Amino acid sequence: MKFAGAPISWGVCEVPGWGHQLPPELVLAEMRDVGLSATETGPQGFLPSEPEEMTALLDSYGLSCVGSFVPTVLHDAAHDPATDIAGPLDALVAGRADVLVLAAATGSEGYDSRPTLDDAQWSTLLGNLDRLSEIAAERGILAVLHPHVGTMVENHTEVQRVLDGSSIQLCLDTGHLLIGGTDPVQLARDVPSRIAHAHLKDVDAAMAARVQAGEMTYTEAVRAGIYTPLGSGDVDIAGLVTALRTNGYDGWFVMEQDTILDGEPTDEGPIRDVRASVAFLQDVCRTVGV
């Protein structure tokens, strides 16, 4: 199995004002120290923008590049999202990476509110998904759509609309799917051929229900610890891994526990939860025999 990390587990996020941002040298060193051999790139500016510099930096920590998470507006007919993915694609090709992880951004900052799309906007969004997938494929990169809280593809109905109306494959994010009302294990069983990338999160289901009910925002929930170390929340991670692997999945498992740091850690910091997640996933692999 192919395991990777993501800077968001260390609180590094593209949302302005998200929280204290740790330097890449610390994050990459701690990824290496917990036994990870690959990472997604994190937000723009976290790693060097020059592809060769980025690759050299990752190499110096014994890490390879898996892919990039790129939120882009897909529903606006006046906006061409191809321009938004040009730079990331150059970096992925140079970094010998595999995956462009798209999210259907709202056009506003953050993930706490979103508009409702009409049929014309949905048609534009779905058409752009297939077009961007083709553009990425021409560069040897697989584009996937990441259903994500606070984007235009969040809930079960919207995920199904993407499955029915486009051919793009999905990034199965166990946390965002559950918060949006989709059972990630059932999705993996129902449409295994559409799953090409996986983000593993564990979730406090009671807190997820409060987000769904509008009792707290997504950002408030992350700050309050909605994402837990793998194995300590309410997502059936073992069942998810088993469902994917028994159906031939050979893509990446990217471990993510989105977090918000209020300041410089005074203890071990985020690596504590990442270490626990790595150990749990290793146990899962031994137990289920994948």
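Which residue is the bridge partner of His 199 in β10? It's Val 254. Keep in mind that this is a predicted model, where local features need pLDDT of at least 70, side-chain atom pairs count only at pLDDT 80 or more, and totals for chains, interfaces and linings use all residues. Residues are numbered from 1 along each chain as its sequence is written, and side-chain values use heavy atoms, with hydrogens and water left out.

**The sheet**
- Eight strands (DSSP E runs of at least two residues, numbered from the N terminus) form an open sheet in the order β1-β10-β7-β6-β5-β4-β3-β2, with parallel pairing; strands pair if DSSP finds at least two bridges between them.
- β1 (2-4) and β2 (38-40) sit at the edges with a single partner strand each, so one side of each has no neighbour in the sheet.
- From one strand to the next, the twist averages 25°; angles run from 0 to 180 degrees between N-to-C directions, with axes fitted to C-alpha atoms, for helices over the stretch in contact.
- β7 (residues 195-200) and β10 (residues 252-255) pair in the parallel sense over 3 bridges.

**Helices on the sheet**
- Helices are DSSP runs of H or I with at least four residues.
- α3 packs on the sheet, touching β3 (64-73) and β4 (99-105), where contact means heavy atoms within 4.5 Å.
- The direction of α3 makes about 180° with that of β3.
- α10 (residues 237-246) lies across β6 (169-173), β7 and β10, running at about 160° to β10.

**α3 with α4**
- The axes of α3 (residues 82-94) and α4 (residues 119-138) come within 11 Å and cross at roughly 25°.
- The two helices are therefore roughly parallel to each other (angles under 35 degrees).
- Ala 82, Ile 85 and Leu 89 of α3 meet Arg 131, Leu 132, Ile 135 and Ala 136 of α4.

Technical notes. Angles under 35 degrees count as roughly parallel, over 145 as roughly antiparallel, 65 to 115 as roughly perpendicular and the rest as oblique.
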